[in-house]
Amino acid sequence: MSCIDTIQSYAFRSLGFGERMLPRTDFTLCEHFTLIGSGMIWNVYYGVLAILTGFLFANLLAVAKNSNSRWARKPAEWFIFLFRGSPLFIQFFFGYFLFLSLKGVSPMFNPLTSAALGALIVLFLNTSAYSAEIFYGALRSIPKGDVEAADAYGFTGWFRFRRIMFPTMMRLAWPAYTNEAIFLFHATTLVFFSGFPAWRQKGDALYYANYFADKTFNPFVPYPILAFYFILLTLVIIWIFGVINKRLNKHLPQAAVKKLKIRPNLIR
Amino acid sequence: MLPLFPTWRATLRHPSALETTRKRPAIFAYCSDPSVLDGLPWLSCYLTTGKHMAFYASFGTVLLLLAVTAPTALLFGLGGAMAARARFALLRWFGKGYIAIVRGVPDIAFFLFFVIALDQGIEWLRHKVKCPDWTEPVRQGSEFLVCDIAKMPLSSSPQWVHEVYGFWVAVFTFAIVFGAFAANVLFGAMQAVPRPQLETAEAYGMSPRQTFWRVLMPQMWIYALPGLSNLWMVLIKATPLLFLLGVEDIVYWARDLGASKTARFTAYPHGDWRMWYFLALLVFYLLFTRVSEVVLARITKRLSRGQATLDGESQRKNAGSTT
Amino acid sequence: MKNLILSTAALALTAGVAMADTVRLGTEGAYPPYNFINDAGEVDGFERELGDELCKRASLTCEWVTNDWDSIITNLQSSNYDAIIAGMSITEEREATMDFTQGYTRPSPSAYAAMSADIDVNKAVVAAQTGTIQSSHVATTGATLVEFTTPDETIAAVNGGEVDAVMADKDFLAPFVAETDLTFVSEVFLGGGIGMAFRESDDELRGKFDAAIASMKADGTLNDLLDKWEIEGKF
């Protein structure tokens, strides 16, 4: 089988398309690259969706934690503590367990036990907590002058938050948030490794790397390939976040931008 | 929900179970036949089996590993950060490459092959030194063969030597991964030390080396602390991956103890109790995180004293107002 | 990745043999009745007793080491222990990278177990442990394969109704079938019995164990052990 054929049969294997049977003998490098790459689809899926949804929830949590009302502050504080204080490994376990019990309550909850939705929810909650802490820290360090100036102009409530506080908060939080995004993508490898079962041999990149290591008895080929893909992915994330960072800092003099970047900010 | 005391425990006991659990350490005298016990006495026996003792001991292993890994990783981080700032280009590339590559790879993927690579690397080096006359290839197919005296540890060494060696390999692997993150934080912290402080040092006639060790080094910690604190928190939460490195950690035992047990192979059969064991782990991690937070907050306060930061400034003002 | 700790029950044997080599036996410790960790935290099971007896017959000092199933072969090849004795079926693929002794069990059936006996194992949703001959087998049938990382999770999944059936070695499933609501549905013979695995370069050591197994077969002690641990098939 030529490499083109391999790509045709296995490029979307992780989604269930193409050849049903995984290669079983005479493993080629091409098969390694294709299948592990196919698995990366899931890592990107989890990472992108969890970051997008988690971003919104994290903002809400950060504002709640900063609130004067006990009723808003306490739940946010506990949520953040619970998810930042426990290993993702254990969160996956309890997530899967909870979803299984819910399934008994009503068939409505059936999709939750699948990795595609269940693991996404756990990752979403996890990244929300970590991001919320970063945003909260940034919110606390917004220069007093900015807020006073907004008050002087008569800005209040949502408008003041949207126009003055939010952009500054993002600007301050961005380097640390970039780190969080990288970590989240790395954390997606835990989904099939310890949390959710793999159906019909549809798994993520680590699942296929593991498959090859198991079949070829040689860990030194599949895992470095996996590492290669993740280094590429990390570079892409850094690039995208860098572009956004530039936009966030567009209005500042260049020296100030530099100063912001080196803030040894909260990393995850 | 899971039944805490399954009712079939006593009735379905298999005759051979008594023989197979040869060495049951009876902490309490009444534990010699758990099948007749119930409720609290049963639980007290169950929770003091040798296996549970190993589970409790593994908490110690994890704490010890954290205690050893943190300073080691810091050392690696310091090395990485210094290399990344070096004037010598090759060293700088090495430092930056180390930070970028290790940070770019998920820690699980790294753990899955790096330990074996490390172990084989060490043995290969020893092999080159100790058995120069060896003619056969070290790699035969997928087998890795070195001469007997190059093995690490020697295959004739007692088990505890193997255990200690495995522990140190785990420490080293963790230190390399977390060293890269620490290097990133320390690199940022070194840049964050206010320029005027360094310029003052130069004005006093200090050489670059003296400036680095006498001014930059002591001053950067306050800037590095937030990042390092977070790194510590991440390190705590990475310990469930220890079992990948061959250390039998708390997750390994919790999984094994919690899995449902039939009466044939244990004197304490039970259903799927993983939830309870994982709950215990959850509590452990939350408590540990909380304690770490409190301690780190204290250290921050202590380090801020006399620093040119907002916190240091407010401490100075408060101290002034009370006198 | 040596999985260390545990069961240092080195058998100090035959006094007088001072230079007895220490042979390190690698096992998983999570696959009763073959091997498991008993209440005292030691390696126990059929293979523990078998291994100790084999070492005695071959005049070797043996040490037990546990290792994760996933990396059990890699660690043998990088010499972190000298033999695998972990309920490992002799298969062609494994033969290509390692050398096995003669089997110390008869080719053992793998079985499907389910909550009800009337499921079609070629259409059902079947759980198996990742990286086992059973998961490879289910992948070739029409069934929907669901892979879990540990054997315990496969049992939990079928009990919880997440899957229709579980496939594993029959001997592993037997106690669950005896004591819970699970029933056997059908059997398949996979692999050629269970043997000890050695590095290909370690023929001498393999020979010693092979001879010891043969002698246990000859005098019937192996059958007694198989009986004791209720493993199917006799020699």
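**Figure 1. A three-stranded open sheet in chain C, with its strands in the order β2-β3-β4 and paired antiparallel.** The two outer strands here are β2 (30-31) and β4 (43-44) of chain C; each has a single partner strand, so one side of each is left without a neighbour in the sheet. Zoom in on the β2 end and you'll find β2(C) joined to strand β3 (residues 35-37) of chain C by 2 bridges, with the two running antiparallel. To find the register, start from C:Ala30, whose bridge partner in β3(C) is C:Phe36. Like every view in this set, this one is drawn from a predicted model.

**Figure 2. A sheet built from two chains: 6 strands, open, with mixed pairing.** Walk across and the order reads β1(A)-β10(C)-β9(C)-β11(C)-β8(C)-β12(C). At the edges sit β1 of chain A and β12 (183-189) of chain C; each has a single partner strand, so one side of each is left without a neighbour in the sheet. Further in, strand β9 (residues 125-129) of chain C runs parallel to strand β11 (residues 165-169) of chain C, and 2 bridges join them. A handy pair to label there is C:Ala127 with its bridge partner in β11(C), C:Val166. Helix α4 (residues 133-140) of chain C packs on this sheet and touches β8 (109-114), β9, β10, β11 and β12 of chain C. The direction of that helix makes about 135 degrees with that of β11(C).

**Figure 3. Close-up of the spot where chain A joins the sheet, with β1(A) pairing with strand β10 (residues 144-148) of chain C.** This pairing is antiparallel and spans 2 bridges. For a landmark, look for A:Ala198, which stands opposite C:Glu147 in β10(C). As for the rest of chain A, it holds 11 helices and 1 strand. Along the sequence, the pattern goes α-α-α-α-α-α-α-α-β-α-α-α. If you're setting up a frame around chain A, its C-alpha atoms fill a box of roughly 75 × 50 × 25 Å along the principal axes.

**Figure 4. The contact between chain A and chain C, with 20 residues from chain A and 22 residues from chain C.** Putting these chains together buries about 1900 Å², with 50% of that on carbon and sulfur atoms. On the chain A side, A:Trp199, A:Arg200 and A:Phe217 lose the most area to chain C, and together they account for 33% of what that side buries. The rule finds 1 salt bridge across this interface: the side chains of A:Lys103 and C:Glu162 meet at 2.8 Å, N to O. There are also 10 residue pairs in polar contact between chain A and chain C, counted with both residues at pLDDT 80 or more. Which elements of chain A give two or more residues to the side that touches chain C? They are α4 (88-105), α8 (190-195), β1 (198-199) and α9 (205-216) of chain A. Of these, α9(A) gives the most, with 4 residues. Sorted by class, that side of chain A has 11 nonpolar, 3 polar and 6 charged residues.

**Figure 5. The contact between chain B and chain C, where 54 residues of chain B meet 46 residues of chain C.** These two chains bury about 4400 Å² between them, and 51% of it lies on carbon and sulfur atoms. B:Gln159, B:Arg264 and B:Phe265 supply 15% of the area that chain B buries against chain C, more than any other three residues.

**Figure 6. Charged and polar pairs between chain B and chain C, where the rule finds 2 salt bridges.** One to label is the salt bridge between the side chains of C:Glu230 and B:Arg264, at 3.5 Å from N to O. Polar contacts between chain B and chain C come to 14 residue pairs, again with both partners at pLDDT 80 or more. Elements of chain B that give two or more residues to the side touching chain C are α1 (16-20), α3 (50-84), α5 (107-130), β2 (143-144), α6 (159-192) and α9 (250-258). Which one gives the most? That's α5(B), with 7 residues. By class, the residues on this side of chain B split into 21 nonpolar, 18 polar and 15 charged.

How values were computed
Residues numbered from 1 in each chain as written. Chains lettered and ligands numbered in written order. Predicted model: local features only at pLDDT ≥ 70, side-chain atom pairs only at ≥ 80, totals over all residues. Heavy atoms only, no water. Contact = heavy atoms within 4.5 Å. Buried area = accessible area lost by both parts, 1.4 Å probe. Salt bridge = Lys/Arg side-chain N within 4 Å of Asp/Glu carboxyl O. Polar contact = N/O pair within 3.5 Å; in protein donor to acceptor, adjacent residues only side chain to side chain. Nonpolar A, V, L, I, M, F, W, Y, C, P; charged D, E, K, R; others polar. Pairing = 2+ DSSP bridges. Axes fitted to C-alpha atoms, helices over the stretch in contact; angles between N-to-C directions.
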